[in-house]
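Here are my notes on the model you asked me to read, set out as numbered points. Please keep the sequence and the structure open beside them as you go.

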Amino acid sequence: MTAWIAAGVLALLLLFWGVGAYRRLGSLRRRVGQAFRALDVCLKRRYDLAPALVEAANGAMKQQRELLEAVVGARNRALEANTAAVANMNDKSAMQRMALTEGEFARVLGHMLEAWNEGAAVDNGAAMSILENLRAVESGIAFARHTYNESVEQYNESRGLFPRSVIAVVFAFTPAFPLPIAEIRERHDTVLPLG
């Protein structure tokens with residue numbers, strides 16, 4: 001009889017541990033999703049600013065038509081890749097494509113801003129407002145990417161530790177994919193005019 005009680009207590013402890021491990025993994029997975037959604041909001045704010053910035057720069061940069069078209073094209077590719085990544089956060093290739101197109105967009109946007117600074121003084125009040133908003137958005141993106149990558153690291157680490165890894169496999173807790181460090185460094189290289 002004592003053996004049955006001990007086995008029952010052990011089974012109950014294992015059940016509580018399993019529920020706790022499942023809840024922890026679920027909580028971390030939700031945190032990754034929340035961090036990615038925060039990053040998505042920041043990126044979409046930047047996507048929304050790009051057309052206004054191109055329009056404001058249009059008059060000052062008539063001779064740079066190719067560069068303006070490159071910004072619009074890079075923005076559209078980044079927005080498309082971001083939409084695909086939002087739809088399937090657990091797809092490594094979608095996340096890599098998003099990081100690559102984001103890096104391309106940041107570089108082209110930086111080139112446009114450099115050309116704008118070199119070619120013409122920014123005296124348009126609307127343009128200055130857009131640039132201020134863009135600076136704030138870029139800071140938000142850097143913070144959101146950092147938070148997302150930290151959340152992914154915590155989740156993947158927790159998911160990979162035994163015995164939680166057993167719960168992760170049984171309940172299909174798939175790995176999350178961080179945004180590549182090289183793309184983050186390239187993002188910080190984006191040059192914004194100082195005013």
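1. Which residues make a nonpolar surface patch of about 540 Å²? In this predicted model, the patch is made by Tyr-22, Phe-162, Val-166, Val-170 and Phe-171. One of these residues, Phe-162, lies in the loop between α4 and α5, and it counts as exposed because its relative accessibility is 67%, where the cut-off for exposed is over 50%.

2. Before going further into detail, it helps to look at the overall make-up of the chain. There are six helices and zero strands, so that the order of elements from the N terminus reads α-α-α-α-α-α by the run-based assignment used here. Of the 195 residues, 40% count as buried, while the surface that the chain exposes comes to about 10,900 Å², with carbon and sulfur atoms supplying 60% of it. Among the contacts with a separation of 6 or more, 80% are accounted for by residues 24 or more positions apart.

3. The interior deserves a careful look. In soluble globular proteins, nonpolar side chains tend to be buried together. Here the largest nonpolar core has 46 residues, and the members that touch the most other members are Leu-53, Met-98, Phe-105, Leu-109, Met-112 and Tyr-148. The elements that give two or more residues to this core are α1 (2-60), α2 (65-87), α3 (92-119), α4 and α5, and α1 gives the most, with 14 residues.

4. Leu-109, one of those core residues, is a useful place to see which parts of the chain meet. Leaving aside its neighbours within four places in sequence, Leu-109 is in contact with Arg-46, Leu-53, Val-71, Leu-134 and Glu-138.

5. Is Glu-138, a residue of helix α4 (residues 125-160), buried or exposed? Glu-138 is buried, because its relative accessible area is 8% and the cut-off for buried is under 20%. Its side chain is joined to that of Arg-46 by a polar contact of 3.2 Å, and Arg-46, Glu-102 and Glu-138 are linked in a network of salt bridges. A student should therefore note that a residue with a carboxyl group can still count as buried, as Glu-138 does at 8%.

6. The whole structure holds six salt bridges, and two of them can be read as links between helices α2 and α3. The side chains of Arg-77 and Glu-104 meet in a salt bridge with an N to O distance of 2.5 Å; since Arg-77 lies in helix α2 and Glu-104 in helix α3, the pair ties together parts that are 27 residues apart in sequence. Arg-77 counts as partly exposed at 37% relative accessibility, and Glu-104 is also partly exposed, with a relative accessible area of 24%. The side chains of Glu-80 and Arg-97 meet in a salt bridge as well, at 3.1 Å from N to O, and this pair links Glu-80 in helix α2 with Arg-97 in helix α3, 17 residues apart.

7. Another salt bridge stays within one helix. Lys-44 pairs with Asp-40, and their closest N and O atoms are 3.3 Å apart; both residues lie in helix α1, four residues apart, which is about one turn of the helix. The two partners differ in their surroundings, because Lys-44 counts as partly exposed at 33% relative accessibility, whereas Asp-40 counts as buried at 10%.

8. Two backbone details in the loops should be checked by eye. Phe-162 and Pro-163 are joined by a cis peptide bond, with omega about 5 degrees, and Pro-163 has its place in the loop between α4 and α5. Ala-172, found in the loop between α5 and α6, has a phi near 55 degrees, a positive value in a residue other than glycine, and at 51% relative accessibility it counts as exposed.

9. Which residues does Phe-177 contact, leaving aside its neighbours within four places in sequence? They are Met-89, Asn-90, Asp-91, Lys-92, Met-95, Tyr-148 and Val-152. Phe-177 lies in the loop between α5 (164-170) and α6 (181-188), yet this loop residue is buried, with a relative accessible area of 18%.

Methods: Residues numbered from 1 in each chain as written. Predicted model: local features only at pLDDT ≥ 70, side-chain atom pairs only at ≥ 80, totals over all residues. Heavy atoms only, no water. Buried < 20%, exposed > 50% of the residue type's maximum accessible area, 1.4 Å probe, protein only. Contact = heavy atoms within 4.5 Å. Areas by Shrake-Rupley, 256 points an atom, 1.4 Å probe, with all protein chains shown as cover. Polar contact = N/O pair within 3.5 Å; in protein donor to acceptor, adjacent residues only side chain to side chain. Core = buried A, V, L, I, M, F, W, Y, C linked by side-chain atoms within 4.5 Å. Patch = residues over 30% accessible without salt bridge, like charges linked within 9 Å, V, L, I, M, F, W, Y side chains within 5 Å. Salt bridge = Lys/Arg side-chain N within 4 Å of Asp/Glu carboxyl O.
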